[in-house]
Amino acid sequence: MPLTMKLTRYTKRAITGGIISLLVMLLGAFLLGKLSGYEAKVLIKNSLSGMNTLCNTIALASATILALLLTLLSISSGAPSKLKKDHYKHVLQIAKLDTVIFIAAVVSFLILNLPITESDSVPNNWFSAIYYVSLGISSILSAGLIVVVLMLYNTVVNIIKIVGLGMHDHPLAETDED
């Protein structure tokens, strides 16, 4: 199943939010300036526990979101107002992207737990590249989670409008003509 996303207005807004957050995070890394290998090695040692915590938090959040999507589907299917297939396709997009983020967070956690700073066989000049790669990984994972949360927010708002507020003229609400 490929991770293709239909770019609706809500999806574009969520992706824009993720891109903005990614740029802010990468700007912070850029403002650090060029690091020497030794400085990067020290920064890696100091930031490793934070990056591990970030990966664990993103994995936990992703798993929780997947579980909450089941509740969302239960509410959607049991509602007196029927929802169009586009709603369920949007939920499927969230589930796919969230699963990718979950897997990436777990793999990143495993990679970042390699004792690279303790190895004597790694050249000192590699540490700056390793540091920037780890910053990039954490920035991408964080931005991905932001996209998932924004997409989930849009879905919840739509369900509230259709099911809770009874907006039968909503684009995702099925009408008698459908």
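Let me start with a definition: a residue is buried under 20% relative accessible area, exposed over 50%, and partly exposed in between. Keep that in mind. We will use it twice.

Now, the model. It is predicted. The protein has 178 residues, and 35% of them count as buried. There are four helices and zero strands. Along the sequence, the pattern reads α-α-α-α.

Let's look at two of those helices. H3 covers residues 85-112. H4 covers residues 126-164. How do they sit against each other? Their axes come within 10 Å and cross at roughly 155 degrees. An angle over 145 counts as roughly antiparallel, so H3 is roughly antiparallel to H4. The crossing is left-handed.

Next, one residue from each helix. Take H4 to begin with. Val 156 lies there. Is Val 156 buried or exposed, or partly exposed? Its relative accessible area is 34%, so Val 156 is partly exposed. Val 156 also has a partner to look at, Leu 72. In sequence, the two are 84 residues apart. In space, C-alpha to C-alpha, they are 8.0 Å apart.

Over to H3. Val 107 lies in this helix. Its relative accessibility is 42%, so Val 107 counts as partly exposed too. Which residues join Val 107 in a nonpolar surface patch? They are Ile 103, Ile 111 and Leu 114. Together with Val 107, they make a patch of about 370 Å².

To recap: four helices, a left-handed crossing of H3 and H4, and a nonpolar surface patch that includes Val 107.

Technical notes: Residues are numbered from 1 along each chain as its sequence is written. This is a predicted model: local features need pLDDT of at least 70, side-chain atom pairs count only at pLDDT 80 or more; totals for chains, interfaces and linings use all residues. Side-chain values use heavy atoms; hydrogens and water are left out. Patches are made of residues with over 30% relative accessible area and no salt bridge: like charges are joined within 9 Å, nonpolar side chains (Val, Leu, Ile, Met, Phe, Trp, Tyr) within 5 Å. Accessible areas come from the Shrake-Rupley method with a 1.4 Å probe; for residues, only the protein chains shown count as cover. A salt bridge is a side-chain nitrogen of Lys or Arg within 4 Å of a carboxyl oxygen of Asp or Glu. Helices (H or I, at least four residues) and strands (E, at least two) are DSSP runs, numbered from the N terminus. Buried means under 20% relative accessible area, exposed over 50%, partly exposed in between (1.4 Å probe, protein chains only). Axes are lines fitted to C-alpha atoms, for helices over the stretch in contact, and angles run from 0 to 180 degrees between N-to-C directions. Angles under 35 degrees count as roughly parallel, over 145 as roughly antiparallel, 65 to 115 as roughly perpendicular and the rest as oblique. A crossing is left-handed if the near helix is turned anticlockwise from the far one by less than a right angle, and right-handed if clockwise.
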